[in-house]
Amino acid sequence: MHIPDGYLSPQTCAIAYAAAVPVWVAASRKVTAVVKTRNVPLLAMFAAVSFLVMMFNVPIPDGTTAHAVGAVIIAIVLGPWAAVIAVSVALLFQALLFGDGGVLSYGANVVNMAIIMPFVGLGVYRLLAGDAPLTSRRRTVAAVVGGYVGINAAAFAAAIEFGIQPDLFHTAAGAPLYAPYHLSQTIPAMMLAHLTVAGAAEAILTGGVFAYLARADVRRLAPNHPGIPVTADGALPAGPRISPAKVAAGFVAAMVALAPLGLLAPGGAFGEDAPGDLNLSKLGLKAIPSGLNKYNGFWSHTLLGDYGFGDGQNATLGYWVSALVGIAVVALAIYALGKLATLALGARAAGQQTAEPDKPTVAADPGAGAS
C-alpha cells in the first residue's frame with residue numbers, strides 16, 4: 001500500500017499534501033492529551049510496532065504481497081490523533097531511509113494509512129462496542145472488525161488514487177503518464193489482497209493487542225474511553241504476573257528477530273514495481289509512462305534501500321539491521337516530539353500565569369470594628 005513516487009501525478013500528490021497538512025496541525029494540538037497522561041513511551045512503542053509490521057510482507061494468492069499497518073489499535077488505545085502522528089512518522093522514515101513509499105507521494109500514503117485508516121477503524125470499533133465494558137468480549141470483537149474495516153478503507157482509497165491516473169493524466173494519444181492501471185484493475189487487485197490476507201493480519205493484530213491490554217493493563221485503555229466501565233460488575237481484573245512493559249519489549253524483540261520472514265513472500269506489492277519491472281505488453285503499452293519514469297527515482301538518498309544493503313548481499317542481515325535502525329529512529333523521533341510538546345505545554349502554562357494581573361491586596365481598615 002506504500003505508493004512509490006511516479007505512480008501519482010504531481011497534482012495528485014499536491015492535493016494529498018494539502019489534505020494531510022491541516023490534519024497534522026490538528027493532530028499536533030490534540031495529541032497533547034497523550035503527553036499530559038504520560039503515554040509518550042507507549043506511543044513511541046506503538047509507532048515502532050507499526051514500522052515493524054509494515055516490514056512483514058504477507059503473500060497473496062495472486063502472486064503479490066501486502067502487510068498490516070497497526071493504525072487502528074493505536075487509535076483505539078491512544079486516540080486517532082495519536083495514530084496520525086505515529087503512523088505518519090513511521091511512513092516518513094520508511095520513505096526517507098528505506099525507499100518504502102515515495103517522498104512526493106508521502107502525503108497520499110499518510111492520507112490512506114495515517115488518516116483514513118485510524119479514523120474509519122475507530123469509528124467502526126466505537127459503533128460496534130457501544131457502552132460495553134472495557135474487558136468485555138464485545139469490545140475485542142469490535143476491535144477485530146475495526147482493524148479489518150480500517151485497512152480495507154485505506155486500500156480502497158489507494159486503489160482509487162491509482163485508478164484515476166490514466167483517465168486524468170495521459171498523452172494526446174491516450175497513453176498514461178503515471179500509473180498505468182485503470183479502476184477496473186486497481187480495485188480488484190487492491191481489495192483482493194486486503195479483503196483476504198492483509199485484512200486478516202490487521203484484524204488479528206488489533207484484536208490481539210486489545211485483548212491483552214484489556215486483561216493485563218486495562219488502565220491504558222481508560223483515558224480514551226471516558227465513561228466506559230472496566231467490567232460489568234465494577235470489579236477490577238487481577239494484575240499481570242509479568243509487567244506489560246516487559247511483554248511489550250519482548251514482543252518488539254520477537255518481531256525484530258522474525259522480520260526476515262518478510263523476505264520469504266514471493267513477488268511484490270501491487271503498484272510498487274520499478275518502471276523497468278512493468279509488464280508493458282500485459283498493460284497494452286509500448287513504453288514506460290514518461291511521468292512514472294521521470295519521478296520514480298525522485299528520492300535516491302536512502303540509507304538501506306528496500307531494507308537491505310546496496311550490494312544486495314546478506315539479505316537477512318540487512319533486514320535485521322533495517323528493523324533495528326527503523327524502530328530506533330521512529331521511537332526516538334516520537335519521544336523527541338513528545339518532549340517538545342511537554343516543553344511547549346510548560347511554556348504555555350508559564351505564559352498564562354505571567355499574563356494574569358496580580359490581584360490587588362486590600363489593606364485592613366485600622367478603624368474596622370471600633371465602637
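By class, 18 nonpolar, three polar and four charged residues line the second largest pocket. Ala, Val, Leu, Ile, Met, Phe, Trp, Tyr, Cys and Pro count as nonpolar, Asp, Glu, Lys and Arg as charged, and the others, Gly among them, as polar. The model is predicted: local features need pLDDT of at least 70, side-chain atom pairs count only at pLDDT 80 or more, and totals for chains, interfaces and linings use all residues. Residues are numbered from 1 along each chain as its sequence is written, and side-chain values use heavy atoms, without hydrogens and water.

**Second largest pocket**
- A pocket is an open set of points on a 1 Å grid over the protein atoms alone, where a 1.4 Å probe fits, with protein on both sides within 12 Å along at least five of seven lines; lining residues have an atom within 4 Å of a point.
- The volume of the second largest pocket, the space filled by probe spheres set on its points, is about 550 Å³.
- Its lining has 25 residues, and Leu42, Met45, Pro244, Ala245 and Ala248 lie nearest the centre.
- Helix H10 (244-258) is among the helices (DSSP runs of H or I, at least four residues, numbered from the N terminus) that supply at least two lining residues each.
- H10 gives the largest share of this lining, seven residues.

**Largest pocket**
- The largest pocket has a volume of about 950 Å³.
- It is lined by 37 residues, with Gly99, Asp100, Glu272, Asp306 and Tyr307 nearest its centre.
- Two elements, helix H5 (80-98) and helix H13 (315-355), give two or more residues to this lining.
- The lining of the largest pocket divides into 14 nonpolar, 17 polar and six charged residues.
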